[in-house]
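Biologist: I am new to this one and would like the reasoning behind each label. Could we go through it step by step?

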Amino acid sequence: MIESAKYIDVHAHVNFEEYDPDREEVLSRAKEAGVLMINVGTTLEASKQIVSLSEKYDGVYGIVGLHPTEVTPMNRFNTHDFEPLVAHQKTVAVGECGIDVYRLDPAENKEEYLRIQEEDFRAQIALAVKYDKPIMIHARESYGKILEILKDCFSVYGTKLRGNAHFFAGSIEEAQAFLDLGFTISFTGVITFAKQYEELVRFVPLNRMLSETDCPFVAPVPFRGRRNEPLYVTEVVKKIAEIKGLEFETVRIALLNNAISAFKLQ
Ligand SMILES: [Zn+2]
């Protein structure tokens, strides 16, 4: 359906149990509106589910990886387990990977958790580069650390290291640092109700921006507070056009094409 696509949600979790009662309908609503979607893995199990969803549905792609908040001494990123999922033809990136300081359990050994999160982030970067796929970055109170790791990896891999900073909530300077590394930046429905994102949305060039929902979380206005779904990415596109003062069609086409080229969708 890529030829007839109109929108894309580059970060969805339609594999989550929130969609168990009506997943088929959620997927067909998106398809009818021409919304492509990329479901993003958080665990090995979730990544397997995502690959099956991609295999089953047209216009549905997958990203596989281990979310930083899932990394524990007992649950580490295992390249051997993930490699066949990464190699899959409809897997378009590795992630979501990164560092999450915000959700670290105060009862845990913080230094140790940060150390293993970093190790697993680097392992996921290495696997993405090996398969010439980008990474989908999750960051929470960790942009400085992530940029430091990316710059270090960039010195080894060069432009083979590509990716997107998902649900971007950093500063203008941090956004610039991601752009300098060749990364794209994506925004969710949070921009429809949180004013503090306006400056960022104006700052990030349209040709370096991607649209996402992060569903089932952060439904945009007018669906705020309800379960989110990929169809609602249309509201994110509308808001980006409004903030940037551009024609809706210009923004819609740019966001679709940016994702098609960033993830080499076919
Ligand atoms: Zn996510």
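Modeller: Gladly. Angles here run from 0 to 180 degrees between N-to-C directions, with axes fitted to C-alpha atoms. Please keep in mind that this is a predicted model.

Biologist: Then which strands does helix α9 lie across, and how does α9 run relative to β8?

Modeller: Helix α9, residues 248–262, lies across β1, β6 (163–165), β7 (184–187) and β8. Its angle to β8 is about 100°. Angles from 65 to 115 degrees count as roughly perpendicular, so α9 is roughly perpendicular to β8.

Biologist: And how does helix α4 run relative to β4?

Modeller: Helix α4 (residues 110–130) lies across β4 and β5 (135–140), and its angle to β4 is about 160°. Angles over 145 count as roughly antiparallel, so that is the word for α4 against β4.

Biologist: Let us turn to the sheet. What is the order of the strands, and is the pairing parallel or antiparallel?

Modeller: There are eight strands in an open sheet, ordered β1-β2-β3-β4-β5-β6-β7-β8, and the pairing is parallel. From one strand to the next, the twist averages 30°.

Biologist: What makes a strand an edge strand here, and which strands are they?

Modeller: An edge strand pairs on one side only, and that holds for β1 (7–12) and β8 (209–211).

Biologist: How do you know that β3 and β4 pair?

Modeller: Two strands pair if there are at least two bridges between them. Strand β3 (residues 60–64) and strand β4 (residues 91–100) share three bridges in the parallel sense, so they meet that cut-off. Isoleucine 63 has alanine 93 of β4 as its bridge partner, and valine 64 stands opposite valine 94 in β4. On to β5: six bridges link β4 and β5, again in the parallel sense, so this pair meets the cut-off too. There, aspartate 100 stands opposite arginine 140 in β5.

Biologist: Why is β4 called mostly covered?

Modeller: A residue is buried if 20 or more other C-beta atoms lie within 10 Å of its own. In β4, 10 of its 10 residues are buried, so the strand is called mostly covered.

Biologist: Is glycine 41 buried or exposed?

Modeller: Glycine 41 has 31 C-beta neighbours inside 10 Å, and the cut-off is 20 or more, so it counts as buried. Glycine 41 lies in the loop between β2 (35–40) and α2. Among the residues it touches are Ile63, Val64 and Gly65.

Biologist: What about lysine 264: buried or exposed?

Modeller: Lysine 264 has 11 C-beta neighbours inside 10 Å; 12 or fewer makes a residue exposed, so that is its class. Lysine 264 belongs to the segment after α9, and its phi is positive, near 45°, although the residue is not a glycine. Aspartate 132 has a positive phi too, of about 55°, and sits in the loop between α4 and β5. With 9 other C-beta atoms within 10 Å, aspartate 132 is likewise under the limit, so it is exposed.

Biologist: Now the helix pairs. Why are α2 and α3 called roughly parallel to each other?

Modeller: Helix α2 (residues 44–56) and helix α3 (residues 79–87) pack at about 20°, with axes 10 Å apart. Angles under 35 degrees count as roughly parallel, so this pair qualifies. The crossing is left-handed. Its contact involves Leu44, Ser47, Lys48 and Val51 of α2 with Asp81, Phe82 and Leu85 of α3. By class, that gives four nonpolar, one polar and two charged residues.

Biologist: How do the axes of α4 and helix α5 cross?

Modeller: The axes of α4 and α5 (residues 143–157) cross at roughly 35° and come within 11 Å. This crossing is right-handed. Glu118, Phe121, Arg122, Ile125 and Val129 of α4 make the contact with Ile149, Cys153 and Tyr157 of α5. Six of these residues are nonpolar, none polar and two charged.

Biologist: Last one: where are proline 216 and proline 222?

Modeller: Proline 216 is in the loop between β8 and α8 (233–244), and proline 222 is placed in the loop between β8 and α8 as well. A cis peptide bond joins cysteine 215 to proline 216, with omega about 15°. Another cis peptide bond joins valine 221 to proline 222, with omega about 10°.

Terms used: Residues numbered from 1 in each chain as written. Predicted model: local features only at pLDDT ≥ 70, side-chain atom pairs only at ≥ 80, totals over all residues. Helix = DSSP H or I, 4+ residues; strand = E, 2+ residues; numbered from the N terminus. Contact = placed C-beta atoms within 7 Å. Left-handed = near helix turned anticlockwise from the far one by under 90°. Nonpolar A, V, L, I, M, F, W, Y, C, P; charged D, E, K, R; others polar. Lists of a residue's contacts leave out its neighbours within four places in sequence.
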